[in-house]
Amino acid sequence: MKRRAGEREKELKKKKLLEELGGNRLPYMTPADADFHQLWKTKYSKLIFRKSDTIPEELHQMVQEGFLTLRKHDCFFQDLVRIKGKDFVTPVSRILIGNPGCTYKYLNTRLFTVPWPTEGYDIKYCSPQVHDACKALIRLNDYLHIEAVKALQGQNLFETKEIKDSTVIDREQNFATSFMDKGSVSKDQSSCVSEDDYISLKNRTSYNLTLLNYMDPLQMLYLKQEPYFGMGNMAVSWHHDENLVERSTVAVYSYSCEDDLNMTHQHCVLAGFSPRFSSTHRVADCSRGTLEYIFGQCELALQNLQTDSESMASSLKSLETAVVKQVEEIHNEVEFEWLRQFWFQGKRYLKCTDWWLKPMAKLEEFWRKMEVMTSLVLSEVGKQEQIEEQRNETLSCFLMVLTERQKLRQEWIARVTFNSSNKIWVLFRALNLASGNLSRCLSGPPGVCQRVGKLLHRCQSEAAESLPEDQKPECHPFWTDDDCNMPLPYDLEEVIANLQNLVQSVE
């Protein structure tokens with residue numbers, strides 16, 4: 001709620017500014033202006049620029065070949081994002097590469113990393129060239145980490161001793177001495193760096209992924225004009241980067257380093273005139289965005305499920321309200337933040353690697369067990385043996401979470417384009433209507449017809465239709481009422497209605 005209120009406030013401020021400007025534009029400076037560098041130094045000192053000739057040529061060659069390889073293998077994708085309740089396809093094509101199991105979420109869409117080569121992980125790439133491209137990007141990531149440390153120290157934010165992780169040193173053994181021999185020392189070797197500063201430095205510069213962008217302005221037919229300064233077409237509108245560790249740096253090849261500038265300033269990307277790539281290295285906030293985290297949540301939830309060794313019947317260990325609430329919220333998190341987010345992006349990741357298929361299958365297995373747990377809660381709350389006060393509290397809490405699940409399922413259905421053979425059927429299932437009653441419904445009460453029309457319009461998303469077949473959204477998981485492997489229906493409308501009646505009967 002706070003975030004939505006903040007977004008509304010920003011929109012009002014933008015609208016007010018544009019109204020005040022009328023047909024005029026705000027002034028701005030370029031490097032050709034006399035006061036440009038003084039303004040940069042005094043007002044934007046945390047925006048740092050490095051010329052390309054300061055970066056080792058070997059690294060340039062590796063990274064640029066990697067960009068072209070990924071482009072050749074069709075590994076850059078336009079994202080289907082959600083802004084103010086509407087879906088849009090981004091004009092810029094992107095791919096997320098980084099630590100195995102990491103994700104990055106922006107504009108209500110969770111991207112999943114194509115993992116770069118990492119010791120201890122068995123990663124199969126679609127080709128050796130894609131492997132080499134990902135390897136080049138982790139090398140660039142290590143280099144930019146070092147440069148970010150140097151930049152922060154150069155601004156007197158830390159002591160002059162450089163800190164360099166041993167894992168970075170190992171990955172740089174084969175690099176040119178021009179950027180190997182930095183004279184850096186570890187935390188244990190430097191008594192000049194306080195423990196707090198050391199931890200802060202690590203948190204702010206340890207990039208765990210890079211969001212690669214590709215844009216060709218001549219192929220981007222629908223671009224907005226920059227509204228405040230009259231700078232021309234924009235590939236990316238004014239925005240703050242999302243999902244970052246607070247005050248962390250953002251390194252962009254080649255080379256800029258944004259500190260907490262991202263918190264206080266917005267930035268846009270002008271379209272320009274020529275095709276170009278960029279690699280934006282980030283310290284993504286992965287506190288709730290890694291496989292390790294979500295598997296841990298699943299294990300926590302499944303602790304409340306037990307199976308009889310003889311009958312193999314499943315039952316719940318506890319019906320305490322707090323336990324039920326925690327399990328069902330984790331259930332929602334797995335379904336809507338992971339499974340649906342992953343399949344919403346179609347089969348795009350298979351162009352690079354199949355690495356995500358096994359963990360997503362494991363997540364789905366856990367999610368199916370949670371569906372069983374939900375059905376067990378439904379069975380238990382209908383019984384009279386429980387203490388009335390506890391039963392009422394559990395019922396109310398359970399109803400709230402299931403109502404949220406039903407709402408989110410309907411939203412995800414609306415975001416996915418179904419093929420013509422099952423689109424109408426799915427819509428009527430969502431409305432709890434039989435597909436055979438189509439003609440009767442369309443000639444029936446206006447309210448029902450309006451619901452059908454609205455949902456049908458939203459499902460026929462032009463944004464989704466414009467994507468290639470292998471990138472079009474999939475509604476998964478999805479099942480029909482005759483699926484004997486699922487303990488509950490996909491559409492929870494009737495279940496919720498029964499729970500509401502149960503709540504009313506005990507009040």
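**Chatting through a predicted model**

Biologist: Let's start with Q471: buried or exposed?

Modeller: This is a predicted model, so everything here is computed from it. Q471 has a relative accessible area of 10%. The cut-off for buried is under 20%, so Q471 counts as buried.

Biologist: Where does Q471 sit, and which residues is it in contact with beyond four places in sequence?

Modeller: Q471 lies in the loop between α16 (462-465) and α17 (493-506). Leaving aside neighbours within four places in sequence, its contacts are F77, Q78, F344, Q345, G346 and R348.

Biologist: P477 is in the loop between α16 and α17 too. What kind of peptide bond joins H476 and P477?

Modeller: As a rule, most peptide bonds are trans. Between H476 and P477, though, omega is about 5 degrees, and the bond is cis.

Biologist: Over to E371 in α11: buried or exposed?

Modeller: E371 belongs to helix α11, which spans residues 357-381. Its relative accessible area is just 1%, so E371 is buried.

Biologist: Which residue's side chain makes a 3.0 Å polar contact with that of E371?

Modeller: Setting aside residues up to four places away in sequence, E371 touches H331, E335, R405, R409, W479, M486, P487 and L488. The side chain in that 3.0 Å polar contact belongs to R409.

Biologist: M486 is in that list. How far apart are the C-alpha atoms of E371 and M486?

Modeller: Along the chain, E371 and M486 are 115 residues apart. In space, their C-alpha atoms are separated by 7.6 Å.

Biologist: How are α10 and α12 oriented relative to each other?

Modeller: Helix α10 covers residues 321-344 and helix α12 covers 388-415, with axes 9 Å apart. The angle between them is about 5 degrees. Angles under 35 degrees count as roughly parallel, so α10 and α12 are roughly parallel.

Biologist: And how many residues in the contact of α10 with α12 are charged?

Modeller: That contact has nine nonpolar residues and six polar ones. The charged residues in it number 10.

Biologist: What about α3 and α4: how are they oriented to each other?

Modeller: Helix α3 (residues 57-72) and helix α4 (residues 128-154) pack with their axes 8 Å apart, at an angle of about 135 degrees. That angle is neither over 145 nor within 65 to 115 degrees, so α3 and α4 are oblique.

Biologist: Which residues of α3 and α4 meet, and how many of the contact residues are nonpolar?

Modeller: From α3 come L59, M62, V63, G66, F67, T69 and L70, and they meet Q129, V130, A133, A136, L137, R139, L140 and Y143 of α4. Three of the contact residues are polar and one is charged, while the nonpolar ones number 11.

Biologist: N108 has a positive phi. What is the value, and is N108 buried or partly exposed?

Modeller: Most residues other than glycine have a negative phi. N108, in the loop between β4 (103-106) and β5 (109-112), has a phi of about 65 degrees without being a glycine. With a relative accessible area of 41%, N108 is partly exposed.

Biologist: Last one: which percentage of the 507 residues is buried?

Modeller: The chain has 17 helices and 15 strands. Among contacts between residues at least 6 apart in sequence, 74% join residues at least 24 apart. As for buried residues, they make up 46%.

Conventions: Residues are numbered from 1 along each chain as its sequence is written. This is a predicted model: local features need pLDDT of at least 70, side-chain atom pairs count only at pLDDT 80 or more; totals for chains, interfaces and linings use all residues. Side-chain values use heavy atoms; hydrogens and water are left out. Axes are lines fitted to C-alpha atoms, for helices over the stretch in contact, and angles run from 0 to 180 degrees between N-to-C directions. Helices (H or I, at least four residues) and strands (E, at least two) are DSSP runs, numbered from the N terminus. Contact means heavy atoms within 4.5 Å. Ala, Val, Leu, Ile, Met, Phe, Trp, Tyr, Cys and Pro count as nonpolar, Asp, Glu, Lys and Arg as charged, and the others, Gly among them, as polar. Buried means under 20% relative accessible area, exposed over 50%, partly exposed in between (1.4 Å probe, protein chains only). A polar contact is a pair of N or O atoms within 3.5 Å; within protein, one must be able to donate a hydrogen and the other to accept it, and residues adjacent in sequence count only if both atoms are side-chain atoms.
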